[in-house]
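Student: I have a model open and would like to go through it with you. Could we start with a residue on the surface and work outwards from there?

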Amino acid sequence: IFAFYIAATLTAATIIGLITVNIIDLGMQHFGEEAHRTHDVAYGALFTTLVVGVVVQLRRPERNGAGMVMGLIPSASLLLAAVLVDDLDRVFEFNPLRYAAAVAAVTALLHPAGRTFFRSFRLAAVSWPLVALVAAAAVPLLFFAGTNVDRQRDVTDMHTFMGHYGFMAALAYTIIGVGMLAGLRPTGWRLTAWVAALLAAVLGATSLLYPDAASSLAIGWALAAIAWAAAFVTLAARTHDAPITTDPSAPEPARLTHAG
């Protein structure tokens, strides 16, 4: 059943992707303008994060629980952005990503790791340096998200109609969420570290390539995003996995006693 829902999620994602590509191939003006390029890349980053989180479940899902959680974060971030701007229609319901997200949620509930995955969240496993890097990035990211939330709520233009500012806020929340998940280091956490870094790097690189596009970062902040991504993935690569501890629910081994 779990494998069936993985296939169903990927099928939904493939259909959405093909429709999007078909729209681009038709040469619709909206997707052809550089003004939308940063928003388009942000949507692609959210969509890809979900797909990657599900794809890694095809092999040894019990060791990739963090990837499954990661796959749910973009949709949760979009929903949060939609609630904050009080615009569920444009930011979330208008977004075809919700179809794949709904099936992915069922897939997560059927994950073979079950409650065992949550036992991998231990204080001893937390990488405080990674958490500190995420906390440092959260300040400008939340400001960036707040700016786009205000735009989605107050500005009236094509970006607002398509929910694009909400996408940018969701991307900021996703970077924070996935990065924090990596810092907590549950089972399968290394993939999440790479994804968090890549999302930040993509945002920075896109802003440099299309500085005049709506929602692009200023040059200084774009370079900072890329530098943060490099620092985060480097630190993650040097971070060793936490030692495995005995399951607290397991019975203690018998102890030898000596008389006299």
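Student: Is Leu110 buried, partly exposed or exposed?

Tutor: Leu110 counts as partly exposed because its relative accessibility is 34%, where buried means under 20% relative accessible area, exposed means over 50%, and partly exposed is in between (1.4 Å probe, protein chains only). This is a predicted model, in which local features need pLDDT of at least 70, side-chain atom pairs count only at pLDDT 80 or more, and totals for chains, interfaces and linings use all residues. Residues are numbered from 1 along each chain as its sequence is written, and side-chain values use heavy atoms, with hydrogens and water left out.

Student: Where is Leu110 found?

Tutor: Leu110 is in the loop between helix H6 (97–109) and helix H7 (128–154); helices (H or I, at least four residues) and strands (E, at least two) are DSSP runs, numbered from the N terminus.

Student: And which residues form a nonpolar patch with Leu110?

Tutor: Ile1, Val106 and Leu109 join Leu110 in that surface patch, and together the four have about 420 Å² of accessible area, computed by the Shrake-Rupley method with a 1.4 Å probe, with only the protein chains shown counting as cover for residues. Patches are made of residues with over 30% relative accessible area and no salt bridge (a side-chain nitrogen of Lys or Arg within 4 Å of a carboxyl oxygen of Asp or Glu), with like charges joined within 9 Å and nonpolar side chains (Val, Leu, Ile, Met, Phe, Trp, Tyr) within 5 Å.

Student: OK, another loop: what is Val155 in contact with?

Tutor: Leaving aside neighbours within four places in sequence, Val155 is in contact (heavy atoms within 4.5 Å) with Asp150, Thr160 and Tyr165. Val155 lies in the loop between H7 and helix H8 (158–161), and the C-alpha atoms of Val155 and Tyr165, which are 10 residues apart along the chain, are separated by 9.6 Å. With 32% relative accessibility, Val155 counts as partly exposed.

Student: Switching to helices, how many are there in the protein?

Tutor: The protein has 11 helices and 0 strands, and 43% of its 260 residues count as buried.

Student: Why does the span of H9 agree with what is expected?

Tutor: H9 covers residues 164–184, and its 21 residues at 1.5 Å a residue should span 30 Å, so the 30 Å between its end C-alpha atoms agrees; the expected span is 1.5 Å times one less than the number of residues. H9 is mostly covered, with 18 of its 21 residues buried, and Arg185, which follows H9, has a positive phi near 55°.

Student: Which loop holds Arg60, and what is its phi?

Tutor: Arg60 is in the loop between helix H3 (37–55) and helix H4 (65–85), and has a positive phi of about 50° although it is not a glycine. Most residues other than glycine have a negative phi. Ser215, in the loop between helix H10 (189–209) and helix H11 (219–238), also has a positive phi, near 75°. Arg60 is partly exposed at 41% relative accessible area, whereas Ser215 is buried at 5%.

Student: Last thing, where does pLDDT stay under 50?

Tutor: On pLDDT, the predictor's confidence in each residue from 0 to 100, the protein has a mean of 86, and 87% of its residues reach 70 or more. The value stays under 50 over residues 25–30, which have 6 contacts beyond four places in sequence, and it is below 50 over residues 244–260, which have 3 contacts beyond near neighbours in sequence. Where pLDDT is low, the predicted coordinates should not be read in detail.
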